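User: Could you zoom in on one part of this model and walk me through how it sits among its surroundings? I'd like one connected account rather than a list.

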Amino acid sequence: MVKNWIALFSQTGSEIADISEKLGKRPDLVITNRRPSHLREIDSRITSEKFILHETENTPKEQNLNNIFKQYGEDNGLIITLHGWLRIIPPTICEEYNIYNGHPGLITKYPELKGKDPQIRMMNGNYDTMGCVLHEVTAGVDEGQVLLSKEVSRKGLEEQDIFRILSNISQELWIKFLKDSL
């Protein structure tokens, strides 16, 4: 069964563009929320004609998300992925759809890294390792079942190296998951 793929982001969308290039497949729809331009610059690859980009209000209402999702599939015919989506998905939406989140904090080992900006908290903490997880989205923030994870040493790494490595790990996990799921 071929599944439709919807990808959501609140930041730049560059992860979606990178994954799409490496995977050789674009999402059927990309959704972002309206945010002031001084808070972010959307990756030009996402705003190109190659992607169908839908902009929602800054904090989309449950019914609006549900209406958009229903246009692209129901039951198990739709996969929704979150790539820096900075909004809580309503519990009823979490229960109705297959939604997955990539998280740049190794919450399987360090549960205190759940939530926003785990990379920064990890850099400011005393962690020997770092990594990413890909998990199901549930009503609780970063509480869903972890499907994939990868851990690496962070010893001797500078801040820019940490962000680059975590980005690469996240993309690696997404590509594996999407190849197996779409």
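Analyst:
**Helix 1, strand 5 and the pocket they help line**

Right after helix 1 comes G24, with a positive phi near 75°. That's a handy place to begin, with the reminder that this is a predicted model. Stepping back into helix 1 (14–23), you'll find E15, I16, A17, I19, S20 and L23 buried. For reading that set, it helps to recall that residues three or four places apart on an α-helix point the same way, because there are 3.6 residues to a turn. So what sits over the buried residues of helix 1? The cover includes strand 1 (4–9), strand 2 (29–33) and helix 5.

Two residues let you look at that neighbourhood from outside the helix. I46 sits in the loop between strand 2 and strand 3 (53–56), and it counts as buried because its relative accessibility is 0%. Beyond its sequence neighbours, I46 touches F9, G13, I16, A17, V30, F51 and L53. I16 and A17 are among the buried residues of helix 1, so this loop residue meets the helix directly. T12 is 34 residues from I46 along the chain, but their C-alpha atoms are 8.7 Å apart.

The other is L29, in strand 2. L29 is buried too, at 3% relative accessibility, and its contacts away from its own stretch of chain are W5, I6, A7, I52, H54, I68 and Y72. Of these, W5, I6 and A7 fall within strand 1 (4–9). Not every residue at that kind of sequence distance ends up close by: L29 and T59 are 30 residues apart in sequence and 18 Å apart in space, C-alpha to C-alpha.

Now over to the pocket, where helix 1 comes back in. The largest pocket has a volume of about 1000 Å³. It is lined by 40 residues, and the closest to its centre are Q11, H83, G84, G102 and P104. Which elements build the wall? Helix 1, strand 5 (98–103), helix 4 (118–124), strand 6 (129–136) and helix 5 (159–181) each put in at least two residues. Helix 5 contributes the most, with six. By class, the lining comes out at 16 nonpolar, 17 polar and seven charged residues.

G102, one of the residues closest to the pocket centre, falls within strand 5 (98–103), so let's stay with that strand. Is strand 5 mostly covered or mostly open? Mostly covered, with five of its six residues buried. On one pairing it runs parallel to strand 4 (residues 78–82), joined by four bridges, and I79 stands opposite N98 there. Between those two strands the chain passes through helix 3 (residues 91–96), making a right-handed β-α-β crossover. Strand 5 also pairs with strand 6, this time antiparallel and again over four bridges. In that pairing, G102 faces L134. As background, side chains in a regular strand alternate between the two faces of the sheet.

N101 in strand 5 is a good residue to click on. It counts as buried because its relative accessibility is 11%, under the 20% cut-off. Where do its contacts come from? Leaving out neighbours within four places, N101 meets L82, V133, L134, H135, V137, D142 and W174. L82 is at the end of strand 4 (residues 78–82), V133, L134 and H135 belong to strand 6 (129–136), and W174 to helix 5 (159–181). The C-alpha atoms of N101 and E136 are 6.3 Å apart, with their positions 35 residues apart along the chain.

D142, one of those contacts of N101, has a backbone worth checking. Its phi is positive, about 55°, although it isn't a glycine. D142 lies in the loop between strand 6 and strand 7 (146–153), and it is buried, with a relative accessible area of 9%. D117 offers a comparison: phi is near 55° there as well, again positive in a residue other than glycine. This one is in the loop between strand 5 and helix 4, and at 30% relative accessibility D117 counts as partly exposed.

Key: Residues numbered from 1 in each chain as written. Predicted model: local features only at pLDDT ≥ 70, side-chain atom pairs only at ≥ 80, totals over all residues. Heavy atoms only, no water. 1 Å grid on protein atoms, 1.4 Å probe; cavity = no way out; pocket = protein on both sides within 12 Å on 5 of 7 lines; lining within 4 Å. Points joined across faces, edges and corners; volume = space filled by probe spheres on them. Nonpolar A, V, L, I, M, F, W, Y, C, P; charged D, E, K, R; others polar. Buried < 20%, exposed > 50% of the residue type's maximum accessible area, 1.4 Å probe, protein only. Pairing = 2+ DSSP bridges. Right-handed = clockwise from strand over helix to strand, strands pointing away. Contact = heavy atoms within 4.5 Å.
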